[in-house]
Amino acid sequence: MIFSSITFLYYFLPCVIVLYFAVPKKLKNTALLISSLVFYAWGEPKYVMLMALSIICGYVLGLLIERFQGRKLSKAFMIMSVAISLSFLLFFKYCNFFIENFNAVMGISLPLLEITLPVGISFYTFQIISYTVDVYRKNAKAQRNIIDLAAYISLFPQLIAGPIVRYTDIEMQLRVRTHTIEKISSGIRLFVIGLSKKILLANSLGELCEYYQNSQEQSILFCWIYAIAYSLQVYFDFSGYSDMAIGLGRILGFDFCANFNYPFISKSISEFWRRWHISLGSWFRDYVYIPLGGNRTSKIKHLRNIFIVWLLTGLWHGAAWNFIIWGLYFAVFLVAEKFLFKNFLKNHEIISRVYVTLTVLISFVIFSFTNIKDAGECILGMFGFNGNPIITPEHNYYIRSFGFTLLIAVIGAIPILPNIYKALSKTKFGSKALAVFELFEPIALAILLLLCTSYLVDGSFNPFLYFRF
């Protein structure tokens, strides 16, 4: 089940909300756990037991880590917890990838395993690892109530598409959380905005990208349009799901951290990754980069640490070479910024923005094609090295058809509207402007929800990017 479906919006979610607010306070986490298991089992019932086993292992080993705190056994149990969680992830996500590459290198034909990737395994695995490591580091106390821990790990708002919520961030909220009209209305607003990003923008941009991939001929302008459209599709798809997750969390009384912060206004790749998928970047920083020594080591080891983190970041996104290249691609630019032209970017804003835009667009072309040759042809085509025409009549038709959607997407990807709202609020008409906004906001949200529902009922293009994550 996914958020952008009629089943979720008009059957599952209303039932969950009624159940959640109907049960007494002491049973709310139980209600959430049951709801989350139903949500997960809806699409993949056979993998519910895998998630349950992961939760039980995390629960038992968390208690053992705390029980033997300060002794060698505590570290052994922490390592065991990490190893068990990673073994599940490696087997289901990367086993066939390793077999394919082993076959290619050795010239043999070992059969691939008949397994599918459990949805959300990358997210809940990282949450279990962060929990047990934080217990070992004494940043959190081991959870003695298995229902509460299981509710945290399987919490359906963030189970399949993040953000990666750390136990330390909601440890207190699992015991005590507030439910107010303001918080619920804020959650509904954020959920509808996120749903609109996904349905009205990301899905439409996905259609345009599909036209490019199915086209028999390419043109320079259409290669650029594809790079822009795909980058924005991933952004609105991912940030839309994050907004929906954070909004649902607020409705249920939780406060999840923001996962995106207008990354396309960045002036460096370092800044871009502080604004893009924030929860993943901070996870790798705190549980991989810093334990390896971070930047408080020799230059060689510092470079090693950066490349290890970005190799793992690429692999986390998918078991394919394009994701590995994508991660290492960013590592190269991050190293170059850190050691070569960091100050130059600070002093030349226009150049820095052009540099970030080009770097990011090319990165998502790499990200979009599992076939590296196709990615290379698209990148070469962007710069006219394939002998392609500037534009063809077919591509001109697609660009005109999707031009308005692209324009809205570009406007939505940068903080133009929030800045206008902030500027208006500081004028002498600020209070009146805010009153008008508050009056029309519910109407606008209702219209957006109606439009999204119409698209879903119509059976429009509705891909789910996170199956490979």
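Reader: How many of the 16 residues of H5 are buried?
Author: The model is predicted: local features need pLDDT of at least 70, side-chain atom pairs count only at pLDDT 80 or more, and totals for chains, interfaces and linings use all residues. Numbering starts from 1 along each chain as its sequence is written, and side-chain values use heavy atoms, without hydrogens and water. Helices (H or I, at least four residues) and strands (E, at least two) are DSSP runs numbered from the N terminus, while buried means under 20% relative accessible area, exposed over 50% and partly exposed in between, with a 1.4 Å probe and protein chains only. H5 is mostly covered, and its count of buried residues is 15.

Reader: How far apart are the end C-alpha atoms of H5?
Author: The expected span of a helix is 1.5 Å times one less than its number of residues. For the 16 residues of H5 that gives 22 Å, and the model agrees, with the end C-alpha atoms apart by 23 Å.

Reader: What is the phi of Lys 138, the residue that follows H5?
Author: Lys 138 sits in the loop between H5 and helix H6 (146-154). With a relative accessible area of 62%, Lys 138 is exposed. Although Lys 138 is not a glycine, its phi is positive, at about 70°.

Reader: Is Tyr 262, in the loop between H10 and H11, exposed, partly exposed or buried?
Author: Like any residue here, Tyr 262 is classed by its relative accessible area, which is 24%. Its phi, near 45°, is a positive value in a residue other than glycine. Because of that 24%, Tyr 262 counts as partly exposed.

Reader: Which residues does Ser 54 touch, not counting those up to four places away in sequence?
Author: Ser 54 lies in helix H3 (residues 48-67) and counts as buried, at 7% relative accessibility. Contact here means heavy atoms within 4.5 Å. On that basis, Ser 54 touches Phe 88, Tyr 124 and Ile 128.

Reader: Which helices do the buried residues of H13 pack against?
Author: H13 (residues 299-317) reaches 28 Å from its first C-alpha to its last, close to the 27 Å expected. Its buried residues include His 302, Trp 310 and Trp 316. The helices that these buried residues pack against are H4 (72-106), H5 (121-136), H11 (269-275), H12 (278-289), H14 (321-347) and H15 (349-368).

Reader: Which helix gives the most residues to the largest nonpolar core?
Author: A nonpolar core is a set of buried Ala, Val, Leu, Ile, Met, Phe, Trp, Tyr and Cys residues joined through side-chain atoms within 4.5 Å. This one has 137 residues, and Phe 8, Phe 39, Tyr 124, Phe 156, Phe 236 and Phe 364 touch the most other members. With 17 residues, the leading contributor is helix H10.

Reader: Which two helices each give two or more residues to the nonpolar surface patch?
Author: Patches are made of residues with over 30% relative accessible area and no salt bridge, with like charges joined within 9 Å and nonpolar side chains (Val, Leu, Ile, Met, Phe, Trp, Tyr) within 5 Å. Accessible areas come from the Shrake-Rupley method with a 1.4 Å probe, and for residues only the protein chains shown count as cover. The patch has about 730 Å² of accessible area together, and Phe 404, Ile 411 and Leu 424 are among its members. The helices asked for are H17 (393-413) and H18 (416-425).

Reader: How many residues apart in sequence are the parts tied together by Glu 66 and Arg 144?
Author: A salt bridge is a side-chain nitrogen of Lys or Arg within 4 Å of a carboxyl oxygen of Asp or Glu, and the whole structure has 10 of them. In the one between Glu 66 and Arg 144, the closest N and O atoms are 2.7 Å apart. Glu 66 lies in helix H3 and Arg 144 in the loop between H5 and H6, so the separation in sequence is 78 residues.

Reader: Which residue forms a salt bridge with Asp 243 of H10?
Author: Asp 243 counts as buried, at 14% relative accessibility. Its partner is also classed as buried, at 16%, and lies in helix H9 (residues 181-214). With the closest N and O atoms 2.7 Å apart, the partner is Lys 197.

Reader: In which helix do Arg 353 and Glu 349 both lie?
Author: These two residues form a salt bridge, with the closest N and O atoms 3.2 Å apart. Arg 353 is partly exposed, at 31% relative accessibility, and Glu 349 is partly exposed at 41%. They are four residues apart, about one turn, in helix H15.
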